[in-house]
Each structure stands twice: as structure tokens, then as C-alpha cells.
Amino acid sequence: MVNLRAIANRATSRMNPNVEGAAQVSTGYITSPAGKREPAFADAVPITIQMQALTKPEIEHLDALNIQGTETSAFANMQLSGVDAVKNKGADVITIGTDLTIPADLRGSKWLVTAVLEGWVTAGWCKVGLTRQKA
């Protein structure tokens, strides 16, 4: 199978470099000793993403979900997920790396996967909507 995402990424990353980071995939929730539900995650795995501006239809889609804050989209060479009520799990989280090649305003920032905009499971990549989280 031809990996069209890899081909496109070779071209787009010349003008908009990829960003290294770590992905924490949600495994659901745990209950703290105080009885509060807290999100649980698998061990972080390295991830390379390409962050891009949201398109007008994507902005409208996120607006319909009542999502507010700093938003962007990202292509990733792994499957990421937003909240999945059927599987009783929360959204995945991406933490951008701290390498000096990464723009200063992004280094170490955390982003919540708020929507899967394109999910290409058999091809091994996805495009997600991300919302920046407080530090």
C-alpha cells in the first residue's frame, strides 16, 4: 500500500517542519483514594506531528462542539483519540518536546485531542483537532 501521508509530509515539512513530542494515550479513568475520578494514561510514546492551521469547516465543527481556547490541527503517524464514551476513556494528550529547533512558544506545551478530523486506521495515520492545555 502506498503511504500517501508520508509522501505529502515530505513536501509539506519543507515549509512547515514536523514537531517531536510525546503522546499519552488514554486508558480510561482511575478512582483516587478520595473517591475522585482521574484520567489514566499509558506510558508516553514518542510522536512526530505536523501542526497546521484549522480549515474553515474544521473551525465550524469544533465551534459546534463548543470547544474554546487555542486550537490547531495536527497530522500524526499513529492513531489518536478524543473522548470515547463507548470505550469509557478520555482524550489523548500530546506534549510538545523542548528541543531548541521547536518554536519557543510551543516548547513543552500540552495539547488535548478534542476531535479526530480524519482517521485512517488502515493507513496508520490521523488528523486531529488539538486544544492547548494550561501549563
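**From a hairpin to the core**

Strands β7 and β8 form a hairpin, with four residues between them. In the turn sits G124, whose phi is positive, at about 85 degrees. This is a predicted model.

Start with the two arms of that hairpin. β7 covers residues 110-120, and β8 covers residues 125-132. The two strands run antiparallel, joined by eight bridges. To place one of these pairings, find V116: its bridge partner in β8 is V128.

Now turn to β6, residues 93-96. β6 also runs antiparallel to β7, and three bridges join the two strands. Here V93 pairs with L112 of β7. So far, then, β7 has bridges to β6 and to β8.

What lies in the loop between β6 and β7? A104 is found there. Is A104 buried or exposed? A104 counts as exposed because its relative accessibility is 57%, and exposed means over 50%. A104 and G28 are 76 residues apart in sequence. In space, their C-alpha atoms are 32 Å apart.

Next, the interior. The largest nonpolar core has 17 residues. Which of them have the most contacts inside it? They are I49, L80 and I96. Several strands give two or more residues to this core: β1 (19-24), β4 (45-52), β5 (71-76), β6, β7 and β8. Both arms of the hairpin are therefore on that list, as β7 and β8 each give two or more residues.

Finish at I49. Leaving aside neighbours within four places in sequence, I49 is in contact with N18 and V19. I49 also touches A74, F75 and A76. Its remaining contacts of this kind are I94 and I96.

Key. Residues are numbered from 1 along each chain as its sequence is written. This is a predicted model: local features need pLDDT of at least 70, side-chain atom pairs count only at pLDDT 80 or more; totals for chains, interfaces and linings use all residues. Side-chain values use heavy atoms; hydrogens and water are left out. Two strands pair if DSSP finds at least two bridges between them. Buried means under 20% relative accessible area, exposed over 50%, partly exposed in between (1.4 Å probe, protein chains only). A nonpolar core is a set of buried Ala, Val, Leu, Ile, Met, Phe, Trp, Tyr and Cys residues joined through side-chain atoms within 4.5 Å. Contact means heavy atoms within 4.5 Å.
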